[in-house]
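Student: I have a structure in front of me, and I would like to work through it with you by asking about one place at a time.

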Amino acid sequence: SCYVTANTSVGEGSPSLTVSARTDEGVPSGAPSYVIAITIATTSVNVSWNQLPNIARNGIIVAHEVKYSWPLESGQLGTIYVNTSGATNQLVLNWLQECVQYSISVRAYTSQGPGPFSGEVRDSSLNIYAQVPQPPDVLPNALTATSANLTWSCPLEKNYTV
């Protein structure tokens, strides 16, 4: 709000009526910070983040969008966007694939649209590990009393490091 007064050599005049004005909302100018993804089950991750500081909000935060992507066999990326409502700062991603490394980022929305995405969380800690696989069938062939020749075959579905 503001008002105007006139000044002369005689002194200051009476102030005008006070006028208040407010600018329209804009899109957020910053991204959520400290994005963390914690594995809570073999197919679920809890994603949380810090809210934007007031100076970067440029309005009322009405939603967040979580983007997660993973590599496909074709070399492309599979990507899914999940929206939250309100100013919540966490989301559980379910129905993920086991043994896949996901890249996760978050952005905030005002009524005017989205701000920039956060940096991606891409870490080996995001690997959703399957249960330990069954041991392979081992076929021992005794060579001598102190040595043996072992052979085995790898599992057909290999979605973990052997």
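Student: Leaving out residues up to four places away in sequence, which residues does H64 touch?
Tutor: The model is a predicted one, and within it H64 is found in strand β3. H64 has a relative accessible area of 1%, which is why it counts as buried. Not counting residues up to four places away in sequence, H64 touches P32, W49, Q51, V82, N83, T84, G86, A87, T88, V106, R107 and A108.

Student: Which side chain makes a polar contact with the side chain of H64?
Tutor: Two polar neighbours of this side chain can be named, and one of them is a backbone atom, since the backbone oxygen of T88 lies 3.1 Å from a polar atom of the side chain of H64. The other belongs to a side chain, at 3.4 Å, and the residue is W49.

Student: Which residues meet in a salt bridge?
Tutor: Side chains of opposite charge can pair when their charged atoms come close. The structure holds one salt bridge, and it links distant parts of the chain, with one partner in strand β6 (residues 103-110) and the other in strand β3 (residues 63-71), 42 residues apart. Both partners are buried. With a distance of 2.7 Å from N to O, the pair is R107 and E65.

Student: Which residues have the most contacts inside the largest nonpolar core?
Tutor: In soluble globular proteins, nonpolar side chains tend to be buried together. Here the largest nonpolar core has 16 residues, and strands β1 (33-41), β2, β3, β5 (90-93) and β6 each supply at least two of them. The residues with the most contacts inside this core are V47, W49, V66, Y68, L93, Y102 and I104.

Student: With its neighbours within four places in sequence left aside, which residues is Y68 in contact with?
Tutor: Y68 is itself among the residues with the most contacts inside the largest nonpolar core, and some of its partners, including L93, Y102 and I104, are named in that group too. Leaving aside neighbours within four places in sequence, the contacts of Y68 are G78, T79, I80, V82, L93, L96, Y102, S103 and I104.

Student: What separates the C-alpha atoms of I80 and Y68?
Tutor: I80 is found in strand β4 (residues 77-85), and its relative accessibility of 34% is why it counts as partly exposed. Apart from residues up to four places away in sequence, I80 touches V66, K67, Y68 and W70. I80 and Y68 are 12 residues apart along the chain, and their C-alpha atoms are separated by 5.6 Å.

Student: Is S44 buried or exposed?
Tutor: S44 lies in strand β2 (residues 44-50). Beyond residues up to four places away in sequence, S44 touches I38, T39, V92, L93, N94 and L96. Its relative accessibility is 9%, and because buried means under 20%, S44 counts as buried.

Student: Which residues make a nonpolar surface patch of about 260 Å²?
Tutor: Two of the residues in question, I38 and V92, are also touched by S44. Another member of the patch, I40, lies in strand β1. Together the patch is made by I38, I40 and V92.

Student: How far apart in space are G115 and P28, C-alpha to C-alpha?
Tutor: G115 lies in the loop between β7 (113-114) and β8 (138-142), and it counts as buried because its relative accessible area is 7%. Leaving aside neighbours within four places in sequence, G115 is in contact with P28, R107 and A108. G115 and P28 are 87 residues apart in sequence, yet from C-alpha to C-alpha they are apart by 4.5 Å.

Student: Which residue in the loop between β5 and β6 has a positive phi?
Tutor: Y34, in strand β1, has a positive phi of about 50° although it is not a glycine, and it counts as exposed because its relative accessibility is 59%. A positive value near 60° also occurs in another residue other than glycine, and that residue has a relative accessible area of 80% and is exposed. Its place is in the loop between β5 and β6, and the residue is W95.

Conventions
Residues are numbered from 1 along each chain as its sequence is written. This is a predicted model: local features need pLDDT of at least 70, side-chain atom pairs count only at pLDDT 80 or more; totals for chains, interfaces and linings use all residues. Side-chain values use heavy atoms; hydrogens and water are left out. Helices (H or I, at least four residues) and strands (E, at least two) are DSSP runs, numbered from the N terminus. Buried means under 20% relative accessible area, exposed over 50%, partly exposed in between (1.4 Å probe, protein chains only). Contact means heavy atoms within 4.5 Å. A salt bridge is a side-chain nitrogen of Lys or Arg within 4 Å of a carboxyl oxygen of Asp or Glu. A nonpolar core is a set of buried Ala, Val, Leu, Ile, Met, Phe, Trp, Tyr and Cys residues joined through side-chain atoms within 4.5 Å. Patches are made of residues with over 30% relative accessible area and no salt bridge: like charges are joined within 9 Å, nonpolar side chains (Val, Leu, Ile, Met, Phe, Trp, Tyr) within 5 Å. Accessible areas come from the Shrake-Rupley method with a 1.4 Å probe; for residues, only the protein chains shown count as cover. A polar contact is a pair of N or O atoms within 3.5 Å; within protein, one must be able to donate a hydrogen and the other to accept it, and residues adjacent in sequence count only if both atoms are side-chain atoms.
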